[in-house]
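This report walks through one protein model and the ligand placed with it. Please look over the sequence and the structure before reading on.

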Amino acid sequence: MYSTHNKHLFDLESLNIKLYKSMNVVDDKTIVKEYFNSTGFDRWRRIYGNGEVNTVQLDIRKGHQKTVDTVLSWLKSDENLSEISICDAGCGVGSLSIPLAQAGAKVYASDISEKMVEEGKERAKEILGNADNPTFAVQDLEALSGNYHTVVCLDVLIHYPQEKASEMISHLCSTATERIILSFAPKTFALTILKKIGSFFPGPSKTTRAYQHREADIVDFLQKNGFNIQRQAMTRTRFYFSRILEATRK
Ligand code: SAH
């Protein structure tokens, strides 16, 4: 009797969740956070590491590394790294933050996923010893406060639809005193590439949860927030593509 009662409750609960999902009450951010604390964490920690991975993952690893290297080379070429503060919003496992700190910048690394942050801390400790740079924090990028000379946000916007992405860009701009660097999946490239990465995203619609953005829209948002494009690059491998923009305050 008791268990039947419980079962009904359970059914009601799953019905509610379905209803919430269809009403879009469970928002993208909740889904993304959950993903990067579970299956996404395992997957991306491996892709962003040096261990053995499959061919598609290896291709993505190489593509992502190119994006990181491009940003590192831009920042280093200005020869002022030791004088500036950098916020790495959605830092993942520290793929950019760690080499940036190594190169002398003061880095504030944060991510919405505590698992990614934990892994980032461990990697930093392994590579840099017990240094307090970068500092790591579990934080939604929309809750970031303070001011940084440069705000970087790599391969994060792909997880959010246009409207959310524009809100995020506005917030990131408000915390950057001089410069913002971000990457996104441009709409001009065939989505089929991402669709091939079968388990890129969780849930029944795992192949549709990668959002592409129109470059014109992103540039527009940056300009509306007082920034002008300076440098740009495109990373493209077989299964990975990412447009990188650097913009500075007008
Ligand atoms: N920028 C890193 C990681 C990219 S993976 C790199 O290029 O190596 C995307 C990361 O964005 C994940 O770690 C995920 O947890 C994080 N993320 C997604 N939404 C976020 C949000 N709203 N605030 C902060 N981090 C977020």
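Two strands are said to pair if DSSP finds at least two bridges between them. The strand order given below rests on that rule.

## Overview

This is a predicted model. The protein chain has nine helices and seven strands. Of its 250 residues, 35% count as buried. Among the contacts in the chain with a separation of 6 or more, 70% are accounted for by residues 24 or more positions apart.

## The sheet

Seven strands make up an open sheet, in the order β3-β2-β1-β4-β5-β7-β6, and their pairing is mixed. The edges are taken by β3 (135-138) and β6 (227-236); each has a single partner strand, so one side of each is left without a neighbour in the sheet. From one strand to the next, the twist averages 15°.

The mixed pairing can be followed strand by strand. β1 (residues 85-89) and β2 (residues 106-111) pair in the parallel sense, over five bridges. Within this pair, C87 has Y108 of β2 as its bridge partner. β5 and β7, in contrast, run antiparallel and are joined by six bridges. I181 has its bridge partner in β7, namely E246.

β6 and β7 also run antiparallel, with eight bridges joining them. One of the bridge partners in β7 is R249, which is matched with F227. The two strands β6 and β7 form a hairpin, and four residues lie between them.

## Helices across the sheet

Helix α4 (residues 55-77) lies across four strands: β4 (148-153), β5 (176-184), β6 and β7 (241-249). The direction of α4 is at about 145° to β6. Helix α7 (residues 162-175) lies across β1, β4, β5 and β6. With respect to β5, α7 runs at about 150°.

## The buried side of α3

Which residues of helix α3 (residues 39-47) are buried? They are G40, W44 and I47. These residues cover an arc of only 55° around the axis, which puts them on the same side of α3. The elements that cover the buried residues of α3 include α2 and α4. Helix α4 therefore appears in two places in this description: it lies across strands of the sheet, and it is part of what covers α3.

## A partly exposed residue in α5

Q102 belongs to helix α5 (residues 97-102). Is Q102 buried or partly exposed? It has 17 C-beta neighbours inside 10 Å, and a residue needs 20 or more to be buried and 12 or fewer to be exposed, so Q102 counts as partly exposed. In sequence, Q102 and A124 are 22 residues apart. In space, the C-alpha atoms of Q102 and A124 are 9.7 Å apart.

## Around the ligand

The ligand is surrounded by 21 residues, and the closest of them are F36, G90, G92, S113 and L141. Which helix gives the largest share of this shell? It is α2 (residues 28-36), with three residues. Helix α2 is also among the elements that cover the buried residues of α3.

By class, the shell around the ligand holds twelve nonpolar, five polar and four charged residues.

Notes: Residues numbered from 1 in each chain as written. Predicted model: local features only at pLDDT ≥ 70, side-chain atom pairs only at ≥ 80, totals over all residues. Axes fitted to C-alpha atoms, helices over the stretch in contact; angles between N-to-C directions. Contact = placed C-beta atoms within 7 Å. Near = placed C-beta within 6 Å. Nonpolar A, V, L, I, M, F, W, Y, C, P; charged D, E, K, R; others polar. Arc of directions from axis to C-beta.
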